[in-house]
Every structure is written in structure tokens, then in C-alpha cells.
Amino acid sequence: MAGSDTLSTYVLSSDIAAADPNGVCTTQTPSGAGNLTINGALASGGEATLVPARNVTITSGGSSETGKNFTVTGTDVNGNAVSEQLAGPGSSATVSTTKIFKVVTQVYVDAATAGAVTVGSGTTISSTIYAGRARIRGLYFVNTANSGPLNFVNGNNGNTVMKIQTTGGATSADYPDVPDEGLLCPDGAFVNFLATDVASLTVFYN
């Protein structure tokens, strides 16, 4: 396509909200199988909205919850249904979904918990490059002191089309090559990453 057809999306990590470990469900001790109450700071009307979309965490207090299963249900950026089951965390530990949620509508536990648990937003961010059909043409990013992956996916929870490791040189910049024909994302182009691994990111697409 002509150069004028190419657009860009810019992500500045310092603008991204920090993880909120009890933003979905504040401290609760379920007495049996059932749904936790979605009542955290990110909740409104019985559901929690994560901005930006990201993974979900479950954290235990002093008791181990490894014998229980938690199921997180909600939707992704495009409104598609998302659900993931997690084994409960150990004592004073946290488990995280691998799937990305924009909205959490239900958190179910299959048995009484031994102690208190909280549910919140995680540190894996999903930034929308373009929510519709798109082809990634290039990228430019500024590093932090940390090194970590930038995972470009087709669809909010789709297959990886490209994964690039940041170099970890604070304030240094990289402009990696992308194949000449670009990377097609028919279900929308998204990038998943930790905000601590990249200071800013620009993605070119059409």
C-alpha cells in the first residue's frame, strides 16, 4: 500500500495504571462454592472494568487455597466472551490468568476457602494497536532497564504473530525489522507486555 495508508499507535508506559490486587474483589472468605462479590475499586454495577485490558490475579492471605479452583469470566476488548480456570494460590501467594480481560463479570470458587482472598488486575498489559483487521508494518520502542517480551497477537487472546525481546538498556531505542509484507492480524492487532519492560512503544500498521 502507499505510505499514506500507514497509521501508528503510541503507548507510553508511564500513563498506564498500576496493577490493583483487590480492584475486582476486596477481601472475602467464601463459606462455600459460589461467586465472589465484585466490589473492588474497578467495579461498577456488579462487574469490573480493567483499563487497559490485562490479566487477572487471585491472592490469598495466610492460608493456602491450592485445593480450590477459581473461574474468572468476562469479555475481551472486542466484547468476546473470555473464561479461565485457575488453581488457587498457596499461602500469601498470587496466581494469574494467562488470558486478557477487559471486563470481569464473575469470579467463581468451587469450594469454601480456608482464609481470605482478593481478586485484582495484573501486570500484563494488552494495548490495542487496532481493534479491526490490520497489518503490522513496523515498530519503534524505548527501553527501560528491564528486558522482557513484547508479544504481538492476532485478537485480544489470539495467536502470537511476533514476539520481540526488549534489550534492557535504559533510554536506548530499538527499531526492529518487520517482514516486507507485514504481519496480518485479521481479528485485530494487540501487543501484550509488562509496563516495566518498555518506556514507550510506537507501532505502524495499515
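Strands here are DSSP runs of E at least two residues long, numbered from the N terminus. By that count, P52 belongs to strand β5. Keep in mind that this is a predicted model.

**The chain as a whole**

Let's start with the overall picture. The protein chain has 17 strands and 0 helices. Its radius of gyration is 18 Å, which agrees with the value near 17 Å that a compact globule of 206 residues would have. Along the principal axes, the C-alpha atoms take up a box of roughly 60 × 35 × 25 Å.

How much of the chain is buried? Of the 206 residues, 46% fall in that class. Take the contacts with a separation of 6 or more, and 77% of them turn out to join residues 24 or more positions apart. On the outside, the chain exposes about 9100 Å², with carbon and sulfur atoms supplying 49% of that area. As for charge, there are 8 positive and 14 negative ones, and the mean positions of the two sets sit 4 Å apart.

**Cysteines**

A search of the whole structure turns up 0 disulfides. C25 counts as buried because its relative accessibility is 0%, and C185 is buried too, because its relative accessibility is 0%.

**Strand β5**

Back to β5, which covers residues 47-60 and also holds T57. Is T57 buried or exposed? It's buried, because its relative accessible area is 9%, and the cut-off for buried is under 20%. Leaving aside residues up to four places away in sequence, T57 touches P21, then T94, V95 and S96, and also the run T118, V119, G120, S121 and G122.

P52, in the same strand, comes with a backbone oddity: the peptide bond from V51 to P52 is cis, with omega near -10°. Most peptide bonds are trans, and most residues other than glycine have a negative phi.

**Two loop residues with positive phi**

That second habit has a couple of exceptions to look at here. S92 has a positive phi although it is not a glycine, and T171 does likewise. Here's how they line up:

| Residue | Phi | Loop | Relative accessible area |
|---|---|---|---|
| S92 | about 50° | between β7 (81-87) and β8 (94-96) | 56% |
| T171 | about 70° | between β13 (160-165) and β14 (173-174) | 70% |

Why do they count as exposed? The class needs a relative accessible area over 50%; S92 qualifies because it has 56%, and T171 because it has 70%.

Notes. Residues numbered from 1 in each chain as written. Predicted model: local features only at pLDDT ≥ 70, side-chain atom pairs only at ≥ 80, totals over all residues. Heavy atoms only, no water. Helix = DSSP H or I, 4+ residues; strand = E, 2+ residues; numbered from the N terminus. Rg over C-alpha atoms; globule rule 2.2 N^0.38 Å. Buried < 20%, exposed > 50% of the residue type's maximum accessible area, 1.4 Å probe, protein only. Contact = heavy atoms within 4.5 Å. Areas by Shrake-Rupley, 256 points an atom, 1.4 Å probe, with all protein chains shown as cover. Lys, Arg positive; Asp, Glu negative; His and termini not counted. Charge placed at Lys NZ, Arg CZ, Asp CG, Glu CD. Disulfide = S-S within 2.5 Å.
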